[in-house]
Amino acid sequence: MLQIQRIRQEPEAIIEGLKKRGIDASETVHALIELDANRRSIRHEMEENQHSLNGLSKEIGELFKSGRAQEANALKQETGTLKEAIKDLNDRVQLIATKEHDLLLSLPNVPHESVKAGRDEKDNEEVKRVGTVPTLHDGAKPHWDLAEQYDLIDFELGVKITGAGFPVYKNHGARLQRAMINFFLDENRAAGYTEYQVPHFVNAASGYGTGQLPDKEGQMYEMPLDGLYAIPTAEVPVTNMFRDEIVNAKEFPIKSTGYTPCFRREAGSYGKDVRGLNRLHQFDKVEIVSITHPEQSYTLLDEMVAHVAGLLDKLELPYRILRLCGGDAGFTSALTYDFEVYSAAQERWLEVSSVSNFETFQANRLKLRFKDEDGKSQLCHTLNGSAMALPRVLAALLENHQQEDGIRIPAALVSYTGFDKIA
RNA sequence: GGAGAGAUGGCAGAGUGGUCGAAUGCACUGGUCUUGAAAACCAGCGUACCGCGAGGUACCGGGGGUUCGAAUCCCUCUCUCUCCGCCA
């Protein structure tokens, strides 16, 4: 959520920025400015009345105390009109505030200056390409065939016990999953991230904190009996640990990591996008979340991007880094870098990680603040990224490292898997 | 699932209708003292909004009500804790 103060201060800059997302926000922005001005002036009037009422109440109290009940009762008559006026003004303030809040929620984050205007993924900028795409032997297969050949994943079994999109990993497939989780967590920890194990269900307040609620509840599995939601990403519980907190600026940057399964309803997906591991209802992910001073967030973003790149290097996978254009970046993001690994067998790029700076957009909803040098509260900047999402990394590993006699495990993973080849 | 208790500032914990934004202690910040530190002492120390400022308004889990006036009384919701039951 954008801050209303910022909209007041630089409406034109916001309108210009949002154009990069293909959004004309000028109507909303100007409506907000007007609502906000109205709300403040009505509220001011209400507060003046409240002030008078408070004064009268005090007088009445003192009169009663000194035994002058008659004078007190006379004063009481005067409070009636004040109370009515206050109630009326308050109703108006509430009404305006609700409208204002709804409008604010409808505005996405303003893209960073480096973000290019654009509509969709076709307009994303490739900022870096690393590694070489392997030349596969004849008869190389996509991961869903490899998974069957080597008995790594049983999709049908998942359908039987739950439904489509809930695969069962087995044998070397299951062990590889476990190895990757540990590998990623260890790497993150070594890079200064504090490891957390967090709940996989969250309450509604947390859903609001990170922006899954309202409006996007359809993307989460819900347990209405208990008012809980299955998390779509560890970002939700990890970030919400800091909701309503005033953190100590001396601790910046606050870096956290956690592994969780992620649950997504993914209603309406179909076709080759959902084949095999490409899109699932349940998958594993290790997430990194950072909180820092506004002036340091972009340095930290670069650091996080470099860290994720290092993971892919160790997994010996060819990848590219994209700077998402305005139209393709997430609602809450100011700047997002996507990591895509090339899948040699599918001959397409697979998104394996997404690293974003939300600036104050998320912190505003979370009320996540710190005290600056003047002792004033300021919103923190929050960032997060996947480090990493397992299914597509697994798909890319299987496809890129397949050889005629089996699947090679990259050296960095061998100490975690306990085997260097799946044959 | 059954029974009970409770929710107050970073923490602990007073406060049962007016002078309470809220005692006290701890923690924290600054200062005095000290070679330095500790101790002691002095001072400061919640959040948000409005206002150039003086200042004002709101907030004692959330919402509603009674009252001239609510942390305090009433209703309601949520959450937490304790005991019993069940149980990895």
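## Exercises on a predicted protein–RNA model

His143 touches Arg275, Gly276, Leu277, Asn278, Gln346, Ala395, Leu398 and Glu399, leaving aside residues up to four places away in sequence. The model is predicted, and the exercises below start from this residue.

**Exercise 1. Determine where His143 lies, whether His143 is buried or exposed, and which side chain makes a polar contact with the side chain of His143.**

Solution. Begin with the element: His143 lies in helix H5, which covers residues 143–149. Next consider the accessibility, for which the cut-off for a buried residue is under 20% relative accessible area; His143 has a relative accessible area of 0% and is therefore buried. Finally, look for the polar partner, which is Gln346, whose side chain makes a polar contact of 3.3 Å with the side chain of His143.

**Exercise 2. Explain why helix H12 is described as largely enclosed by the rest of the structure.**

Solution. Start with the extent of the helix, since H12 runs over residues 390–400. Then list the buried residues, which are Leu390, Pro391, Val393, Leu394, Ala395, Ala396, Leu397, Leu398, Glu399 and Asn400. Because 10 of the 11 residues of H12 are buried, the helix is largely enclosed by the rest of the structure. To link this with the opening, note that Ala395, Leu398 and Glu399 are among the residues that His143 touches.

**Exercise 3. Describe the surroundings of Asn188, beginning with its helix and ending with its contacts.**

Solution. Asn188 is found in helix H7, residues 171–190. With a relative accessibility of 0%, Asn188 counts as buried. Turning to the contacts, and not counting residues up to four places away in sequence, Asn188 touches Tyr193, Thr257, Val286, Ile288, His307, Leu311 and Ala387. One of these partners, Thr257, is 69 residues apart from Asn188 along the chain, yet their C-alpha atoms are separated by 6.8 Å.

**Exercise 4. Work out which elements give two or more residues to the surface near RNA strand B, and which element gives the most.**

Solution. First take the residues as a group: 22 residues surround RNA strand B, and the closest are His51, Ser57, Lys65, Lys371 and Ser377. Second, ask which part of the RNA they meet; of the RNA atoms within 4 Å of the protein, 70% belong to sugar or phosphate and the rest to bases. Third, examine individual side chains, where a polar atom of Gln5 lies 3.2 Å from a phosphate oxygen of RNA strand B, a polar atom of Arg8 lies 3.1 Å from a phosphate oxygen of this strand, and an N or O atom in the side chain of Asn54 is 3.2 Å from a phosphate oxygen. The elements that give two or more residues to this surface are helix H1 (4–9), helix H3 (26–65), helix H4 (69–106) and strand S14 (369–371). Of the elements, H3 gives the most, with 13 residues.

**Exercise 5. Place Glu48 within the overall dimensions of chain A.**

Solution. Glu48 is found in helix H3, and with a relative accessible area of 46% it is partly exposed. The C-alpha atoms of Glu48 and Arg408 are separated by 75 Å, these residues being 360 positions apart along the chain. For the frame in which to read that distance, the C-alpha atoms of chain A fill a box of roughly 100 × 45 × 45 Å along the principal axes. Chain A holds 13 helices and 19 strands, and buried residues make up 49% of its 423 residues.

Note on methods
Residues are numbered from 1 along each chain as its sequence is written. Chains are lettered from A and ligands numbered from 1 in the order in which they are written. This is a predicted model: local features need pLDDT of at least 70, side-chain atom pairs count only at pLDDT 80 or more; totals for chains, interfaces and linings use all residues. Side-chain values use heavy atoms; hydrogens and water are left out. Helices (H or I, at least four residues) and strands (E, at least two) are DSSP runs, numbered from the N terminus. Buried means under 20% relative accessible area, exposed over 50%, partly exposed in between (1.4 Å probe, protein chains only). A residue is near a molecule or strand if one of its heavy atoms lies within 4 Å of it. A polar contact is a pair of N or O atoms within 3.5 Å; within protein, one must be able to donate a hydrogen and the other to accept it, and residues adjacent in sequence count only if both atoms are side-chain atoms. Contact means heavy atoms within 4.5 Å.
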